[in-house]
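Hi everyone, thanks for making time. I'd like to walk you through a structure that is new to most of us, so please have a look at the screen.

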Amino acid sequence: MMKFFRGLFPDWAVEWPKGLNLPLNKWTNDFVEWLVSEYGIIFETASDGILVVLVGLERFLRDLPWLVVFLGVGALTFFSSGRKWGLTALVAASMFFIGLTDPRLWDLSMMTLSVMLVSTLICIGMGVPVGIAISRNDRMRDMVLPALDLMQTMPSFVYLIPAIMLFGLGAVPAVFATVIYAIPPVIRLTDLGIRLVDEDIVEASDAMGASRRQKLLRVQIPMALPNIMQGVNQTTMMALAMVVIASMIGTRGLGTEVLIGLQQLNVGRALEAGVAIVLLAIVMDRVTQAYGGRFIRTSARG
């Protein structure tokens with residue numbers, strides 16, 4: 001086949017020219033090395049701050065008696081869901097089954113939960129303001145959306161490499177990689193929710209003399225809350241998935257058990273950790289949805 005095409009086309013059209021290449025590999029490595037050498041102190045300071053929060057939250061969750069965590073999650077689900085006993089029973093049973101399969105998994109679940117909560121809070125704190133900003137500026141939106149496309153389509157393992165180079169091994173690079181991987185949904189859905197607010201309502205607020213800030217805080221954000229809370233829910237689920245993957249760079253938790261089970265071909269150990277991850281995902285999904293629904297109902301009444 002190659003001989004056939006060589007007879008029809010010149011050599012430069014059949015084989016890729018050796019001198020025609022884009023040194024993206026070198027450019028990226030040079031940029032990361034420059035970033036570390038010039039701004040290493042900034043990354044070290046940020047790493048220390050995140051580490052203090054992580055260690056404190058992890059220690060707090062691990063020191064809590066399992067019954068307190070169990071009852072606390074159940075009560076939060078019950079009251080935020082509008083006193084739905086079925087949903088509360090599902091969440092409570094999921095939490096109970098995590099420790100029932102292996103008491104050691106309960107402790108590992110608290111480690112995973114601490115990293116996931118810190119990552120999710122950072123995503124929300126950064127993502128919602130960015131989503132609001134791009135909803136009010138089309139030019140900025142045109143620049144941010146391609147970056148979000150890249151962040152969502154890039155294989156998640158790729159984020160671990162710059163995280164290690166900037167922050168080393170451990171939980172802090174896991175938070176960094178998780179934020180990059182999980183932040184796009186909350187940005188996109190915040191932008192979408194504000195843009196979907198009825199123009200007649202916005203015009204009515206303008207006619208009543210509302211300022212841009214009042215219009216945003218009292219009209220657009222309350223009406224965009226269903227989309228924003230859906231973005232928070234999706235970000236939470238993606239953060240949990242990335243935290244498990246981040247076990248490859250030294251993050252302790254349920255992902256470590258899956259990795260060890262894979263390395264040792266221990267199907268039972270990997271299955272137990274996998275079931276615990278699924279149950280933790282169910283708990284976080286139902287709790288965030290229930291709390292989001294309550295938040296939306298409260299805002300609507302206001």
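Let me begin with one term: a residue is called buried when its relative accessible area is under 20%, and exposed when that area is over 50%. Please also keep in mind that what you see is a predicted model.

So, the overall picture. The chain has 14 helices and zero strands. If you read the elements from the N terminus on, you get α every time, right through to the end. The C-alpha atoms fill a box of roughly 75 × 65 × 45 Å along the principal axes. There are 302 residues in the chain, and 39% of them are buried. The accessible surface comes to about 17,400 Å², and carbon and sulfur atoms account for 68% of that.

A word on charges. The chain carries 24 positive and 23 negative ones, and the mean positions of these two groups lie 5 Å apart. As for contacts, take those between residues at least 6 apart in sequence: 77% of them join residues at least 24 apart.

How far does the predictor trust this model? The mean pLDDT of the chain is 82, with 90% of the residues at 70 or more. Confidence is lowest in helix 1, residues 2–8, where the mean is 61, and highest in helix 10, where it is 92.

That makes helix 10 a nice place to stop. It covers residues 184–195, and at 1.5 Å a residue its twelve residues should span 16 Å; the end C-alpha atoms are 17 Å apart, so the two agree. Is helix 10 mostly covered or mostly open? Mostly covered: nine of its twelve residues are buried. Those are Pro184, Pro185, Val186, Ile187, Leu189, Thr190, Asp191, Gly193 and Ile194. And what does the covering? The cover includes helix 6 (103–135), helix 7 (138–153), helix 9 (171–182) and helix 12 (212–245).

Let's zoom in on Ile194, which sits in helix 10. Ile194 has a relative accessibility of 6%, so it counts as buried. Leaving out residues up to four places away in sequence, Ile194 touches Ile132, Ser135, Leu216, Gln220 and Ala224. Take Gln220 from that list: it is 26 residues away from Ile194 in sequence, yet their C-alpha atoms are 5.7 Å apart.

Now over to helix 9, which was part of that cover. For helix 9, twelve residues at 1.5 Å each should span 16 Å, and the end C-alpha atoms are 16 Å apart, so this helix agrees with expectation. Helix 9 is mostly covered, with nine of its twelve residues buried. Among them are Val172, Pro173, Ala174 and Tyr181. The cover here includes helix 3 (24–63), helix 6, helix 8 (160–167), helix 10 and helix 12. You'll notice that helix 10 helps to cover helix 9, and helix 9 helps to cover helix 10.

Helix 12 has come up as well, so let me show you one of its residues, Met237. Beyond its neighbours within four places in sequence, Met237 is in contact with Ala281, Met284 and Asp285. Leu51, on the other hand, is 186 residues from Met237 along the chain, and their C-alpha atoms are separated by 22 Å.

One last stop, in a loop this time. Leu265 is found between helix 13 (254–264) and helix 14 (267–301). Is Leu265 buried or exposed? It is exposed, because its relative accessible area is 72%. The phi angle of Leu265 is near 55 degrees, a positive value in a residue other than glycine.

That's my tour, and I'm happy to go back to any part of it. Thanks for listening!

How values were computed:
Residues numbered from 1 in each chain as written. Predicted model: local features only at pLDDT ≥ 70, side-chain atom pairs only at ≥ 80, totals over all residues. Heavy atoms only, no water. Helix = DSSP H or I, 4+ residues; strand = E, 2+ residues; numbered from the N terminus. Buried < 20%, exposed > 50% of the residue type's maximum accessible area, 1.4 Å probe, protein only. Contact = heavy atoms within 4.5 Å. Areas by Shrake-Rupley, 256 points an atom, 1.4 Å probe, with all protein chains shown as cover. Lys, Arg positive; Asp, Glu negative; His and termini not counted. Charge placed at Lys NZ, Arg CZ, Asp CG, Glu CD. Expected span 1.5 Å × (residues − 1). pLDDT = per-residue confidence, 0-100.
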